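Got your viewer ready? Load the model, keep the selection box handy, and let's take a walk through it.

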Amino acid sequence: MFFRSLLLTIAIALGVGCEGPTLPIPPPAALTAPDADGFVTLSGTAPPDVLVGAFNETRGEGVLGLSDAEGQYELRLRAEAGDFISYFYFQPDGDRSGTVGTTVPNPLP
């Protein structure tokens, strides 16, 4: 947990001071409702081989992962229905994308 927090802090720090953001990351193609353990799964497409981040603005927690050679990524993040999640990515040269966000859906009854 500490390591993930440290990575997110470093990633955000690298994004500060960039001349201009790269294109925004598209919203995730899929965002599950919270599972029994209190986690959501986020998946989507970003540029290939970039660092993708998701940050739960409500809880103040985040997670980082890498997109694959086709740009696909999947992240797992602690969240509850109604939490607001922000998404972004970092290019290998340090440029940061714009940020998009969405709200975690309610689980089906």
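Which ring does the charged end of Arg96 sit over? Select Arg96 and follow its side chain: the charged end sits over the ring of Phe88, 4.6 Å from the ring centre. Bear in mind as you go that this is a predicted model.

Stay on Phe88 and add Phe90 to the selection. Phe88 and Phe90 form an edge-to-face aromatic pair, with 5.8 Å centre to centre and 80° between the planes. The count of aromatic pairs here is 1. Switch on a surface and check both rings: Phe88 counts as buried because its relative accessible area is 2%, under the 20% cut-off. Phe90 also counts as buried, because its value of 5% falls under that 20% as well.

Now zoom out and colour by secondary structure. You should find 1 helix and 7 strands, and from the N terminus on the order is α-β-β-β-β-β-β-β. Of the 109 residues, 37% are buried. With the surface still on, the accessible area comes to about 6,200 Å², and 59% of that belongs to carbon and sulfur atoms. If you like contact maps, here's one to plot: among contacts between residues at least 6 apart in sequence, 58% join residues at least 24 apart.

Next, select residues 72-78, which make up strand S5. Which residues of S5 are on the covered face, and which on the uncovered one? Tyr73, Leu75 and Leu77 are on the covered face, while Gln72, Glu74, Arg76 and Arg78 are on the uncovered one.

Add residues 39-45, strand S2, to the view. S2 and S5 run antiparallel and are joined by 7 bridges. To see one of these partnerships, pick Thr41, whose bridge partner in S5 is Arg76.

Last stop: the largest nonpolar core, which has 18 residues. Select Ile25, Leu42, Val52, Ala54, Ile85 and Tyr87, the members that touch the most others in the core. S2, S3 (51-56), S5 and S6 (84-90) each supply at least two of the core's residues. In soluble globular proteins, nonpolar side chains tend to be buried together.

To finish, centre on Val52 and show its neighbours. Leaving out residues up to four places away in sequence, Val52 touches Ile25, Ala46, Val63, Leu64, Gly65, Ser67, Tyr73, Leu75, Phe88 and Tyr89. Two familiar names from the covered face of S5 are on that list, Tyr73 and Leu75, and so is Phe88, the ring under the charged end of Arg96.

Note on methods: Residues are numbered from 1 along each chain as its sequence is written. This is a predicted model: local features need pLDDT of at least 70, side-chain atom pairs count only at pLDDT 80 or more; totals for chains, interfaces and linings use all residues. Side-chain values use heavy atoms; hydrogens and water are left out. Buried means under 20% relative accessible area, exposed over 50%, partly exposed in between (1.4 Å probe, protein chains only). Helices (H or I, at least four residues) and strands (E, at least two) are DSSP runs, numbered from the N terminus. Two strands pair if DSSP finds at least two bridges between them. A nonpolar core is a set of buried Ala, Val, Leu, Ile, Met, Phe, Trp, Tyr and Cys residues joined through side-chain atoms within 4.5 Å. Contact means heavy atoms within 4.5 Å. Accessible areas come from the Shrake-Rupley method with a 1.4 Å probe; for residues, only the protein chains shown count as cover. Rings of Phe, Tyr and Trp (its six-membered ring) pair if their centres lie within 6.5 Å; planes under 30 degrees apart count as stacked, over 60 as edge-to-face and the rest as tilted. A charge sits over a ring if NZ of Lys or CZ of Arg is within 6 Å of the ring centre and within 35 degrees of the ring normal.
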